[in-house]
Amino acid sequence: MASDSITHMFKLVALGDGAVGKTSCIRRYTEGSFSEQYIMTIGTTFALKTLTVDVPGRGKVNCRIVLWDLAGQPTYNELRRRYMAGSSMAIIVYDVTRPQTFLNVGEWYTRFTTVCPNAVVAVVANKIDRPDRLVPPEAGEMIEKWLGVLHFETSAKTGDNIDIMFDELVKRTLLKQEELGISTGVQLTGRPTKLI
Ligand SMILES: Nc1nc2c(ncn2[C@@H]2O[C@H](COP(=O)(O)OP(=O)(O)O)[C@@H](O)[C@H]2O)c(=O)[nH]1
Ligand SMILES: [Mg+2]
């Protein structure tokens, strides 16, 4: 796709506890790959994805997402806020084999919506391929109702629901921006900036 045909650009941030699969979801989506190894990179990395979505009543829309992936858990609120600022969407990921990561979703949600109240949020139950699953699907469905977020069950390992999730997020974000009256020109929201 030629760059000049891209009409929308969005920033997405990946949130959630350590080792839940944030990097793996992004990598699966942008590179189509997966690694069993847990490599904790330092700092923030960006990945790009260009896609065409079919929006009802609007036809095909060419979009680019800048996916922000923060390694480690930022202890400083200010760093976290800067990382989140300007996002049109977020994924809050938990690991279905570790209930504590599910219990922390509410806190991630509050932190994020304080900074980006108009963004579209998806809560993601990841690692559904694992046989030692402890958090049942019903828990995620409750979160979806309580918080009014999107909810997906994914596996970055097998690729289950990964593309569907990101595509749906983009569609919802396009509709939301229209609702909010944000113009249809190229939205350079969330252009990567230096953090420190
Ligand atoms: N079985 C399984 N393992 C996963 C999945 N997603 C991530 N992992 C593994 O979980 C570990 C942490 O993943 P990573 O993406 O680095 O987590 P992050 O710290 O949230 O970015 C790695 O060893 C991954 O291979 C998944 O869907 N299924
Ligand atoms: Mg990571």
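Ala 125 stands opposite Glu 153 of strand β6, and this pair is a handy place to enter the model, which is a predicted one. The two strands that meet here, β5 and β6, run parallel to each other and are joined over 4 bridges. Against the sheet packs helix α4, in touch with β1, β4 and β5. The direction of α4 makes about 165° with that of β4.

Now step back to the whole sheet. Its 6 strands form an open arrangement in the order β2-β3-β1-β4-β5-β6, and the pairing is mixed. At the edges stand β2 and β6 (150-153); each has a single partner strand, so one side of each is left without a neighbour in the sheet. From one strand to the next, the twist averages 25°.

Let's follow one of those edges. Strand β2 covers residues 44-55, and Asp 54 lies in it. Is Asp 54 buried or exposed? Asp 54 counts as exposed because just 10 other C-beta atoms lie within 10 Å, and the exposed class takes 12 or fewer. Asp 167 sits 113 residues away from Asp 54 along the chain, yet the C-alpha atoms of the two are separated by 9.6 Å.

Next, turn to the interior. The largest nonpolar core holds 45 residues, and among those with the most contacts inside it are Leu 12, Cys 25, Ile 91 and Val 124. Two or more residues come from each of β1 (8-15), α1 (22-31), β3 (59-70), β4 (89-95), α4 (105-115), β5 (120-126) and α6 (162-179). Ile 91 gives a good view of how this core is joined up: leaving aside residues up to four places away in sequence, Ile 91 touches Leu 12, Ala 14, Leu 15, Cys 25, Ala 122 and Val 124.

Helix α1 also leads us to ligand 1, since α1 supplies the largest share of the shell around that ligand, 3 residues. Which residues come nearest to ligand 1? Of the 17 around it, they are Gly 21, Lys 22, Thr 23, Ser 24 and Lys 157. By class, the shell contains 4 nonpolar, 7 polar and 6 charged residues.

Finally, here is the chain as a whole. It has 6 helices and 6 strands, which follow one another from the N terminus as β-α-β-β-α-β-α-α-β-α-β-α. Of the 196 residues in the chain, 35% are buried. Among contacts between residues at least 6 apart in sequence, 75% join residues at least 24 apart.

Technical notes
Residues are numbered from 1 along each chain as its sequence is written. Chains are lettered from A and ligands numbered from 1 in the order in which they are written. This is a predicted model: local features need pLDDT of at least 70, side-chain atom pairs count only at pLDDT 80 or more; totals for chains, interfaces and linings use all residues. A nonpolar core is a set of buried Ala, Val, Leu, Ile, Met, Phe, Trp, Tyr and Cys residues joined through C-beta atoms within 7 Å. A residue is buried if 20 or more other C-beta atoms lie within 10 Å of its own, exposed if 12 or fewer, and partly exposed in between; C-beta atoms are placed from the backbone. Two residues are in contact if their C-beta atoms, placed from the backbone, lie within 7 Å. A residue is near a molecule or strand if its C-beta atom, placed from the backbone, lies within 6 Å of it. Ala, Val, Leu, Ile, Met, Phe, Trp, Tyr, Cys and Pro count as nonpolar, Asp, Glu, Lys and Arg as charged, and the others, Gly among them, as polar. Two strands pair if DSSP finds at least two bridges between them. Axes are lines fitted to C-alpha atoms, for helices over the stretch in contact, and angles run from 0 to 180 degrees between N-to-C directions.
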